[in-house]
Amino acid sequence: MCELFGVTANRKIKINDLLSRFFEHSVEHRNGWGLAFLDHDSVSIEKEPIRASDSLYLKNRLTGRIETSRCMAHIRKATMGDVSFSNTHPFSKRDESGRTWVLVHNGTIFDSPVLSAYQYNQEGSTDSERILLYIVDQMNKHYIRELNSFDVNERIKLVENIIRKIVPGNKLNIMLYDGDYFYVHKNEEGTLYKSEHSGSVIFSTHPLQDKGWEEVPQNRLMVYKDGELIHLGKRHEYTYVENAEDLKLLYLHCANL
């Protein structure tokens, strides 16, 4: 599976050391790396379909000071989709209101009928990209239906409903950004942690320091605005537990059988 990293804060913080520790995990996650810096007015994405530790670009990038108040990072261990730029996280998509959405995903969608149609108009071939396309499509339909009126509470409610449609039987650890708000969800135990300090929250699949980390709440959507939790969703019952049948499906897919 993949690993996730994220930052939401009320000020810019230096993250070089944290990113360096995160990207060290690419020894086991060699199929791509990505970084997204999330300004309110623009999104900047840097990524390559190679192991992070092999990237000269990333090595040079980390030698310069990196300060941000909002970002996501991803290292990929491919389960769905080949190793290519178009399958490398993060993914981004602009909706009809002009809002740019960004997503990173750790997990596998084994079965979700609502996502199937998006395989025909996605750029790559990952289940993760299809999640984002579905989210933006639903946002567009709501935006048009409500005559261009679409506040944050409606967006949060819609994201929560989308998660509940996708999550049964699937592993859905995601970070999502809508241009203003930072969404976090995980449904497998021991697969996402957070560290909070003085108006900043750091997320990582595994703790990046010896102290100060706690597990992200299970099966609940969390929404942040500049380091502040503004919404904690109702807990659902769809905890993902890895099983032999899932591993068999992954093997058959990867082997093209």
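This is a short chat about a pocket and two cavities in a predicted model.

Me: How much space lies in the second largest pocket?
Reply: About 240 Å³. The residues closest to its centre are K47, F91, S92, E123 and E129, out of 14 that line the pocket.

Me: Which elements give two or more residues to that lining?
Reply: Strands β3 (43–48) and β5 (91–94), along with helix α4 (127–145).

Me: And how does the lining divide by class?
Reply: Six residues are nonpolar, four are polar and four are charged.

Me: Back to E129. Where is E129 found, and is it buried or exposed?
Reply: E129 is in helix α4 and is buried.

Me: What is the nearest side chain of opposite charge?
Reply: R130, at 6.9 Å, and E129 has no salt bridge. The E129 side chain does have a polar contact of 3.1 Å with the side chain of Q122.

Me: Changing topic: how many cavities of 30 Å³ or more are there?
Reply: Two. The largest holds about 80 Å³ of space. Its lining has 14 residues, with C2, T79, G107, D127 and S128 closest to the centre. Strand β6 (100–106) and helix α4 each give two or more residues to that lining. By class, four of the lining residues are nonpolar, seven polar and three charged.

Me: Which residues line the second largest cavity?
Reply: E160, I163, R164, H185, N219, L221, K234 and H236. The space there is about 40 Å³.

Me: Which helix gives the largest share of that lining?
Reply: Helix α5 (residues 152–166), with three residues. The lining as a whole divides into two nonpolar, three polar and three charged residues.

Key. Residues numbered from 1 in each chain as written. Predicted model: local features only at pLDDT ≥ 70, side-chain atom pairs only at ≥ 80, totals over all residues. Heavy atoms only, no water. 1 Å grid on protein atoms, 1.4 Å probe; cavity = no way out; pocket = protein on both sides within 12 Å on 5 of 7 lines; lining within 4 Å. Points joined across faces, edges and corners; volume = space filled by probe spheres on them. Helix = DSSP H or I, 4+ residues; strand = E, 2+ residues; numbered from the N terminus. Nonpolar A, V, L, I, M, F, W, Y, C, P; charged D, E, K, R; others polar. Buried < 20%, exposed > 50% of the residue type's maximum accessible area, 1.4 Å probe, protein only. Lys, Arg positive; Asp, Glu negative; His and termini not counted. Salt bridge = Lys/Arg side-chain N within 4 Å of Asp/Glu carboxyl O. Polar contact = N/O pair within 3.5 Å; in protein donor to acceptor, adjacent residues only side chain to side chain.
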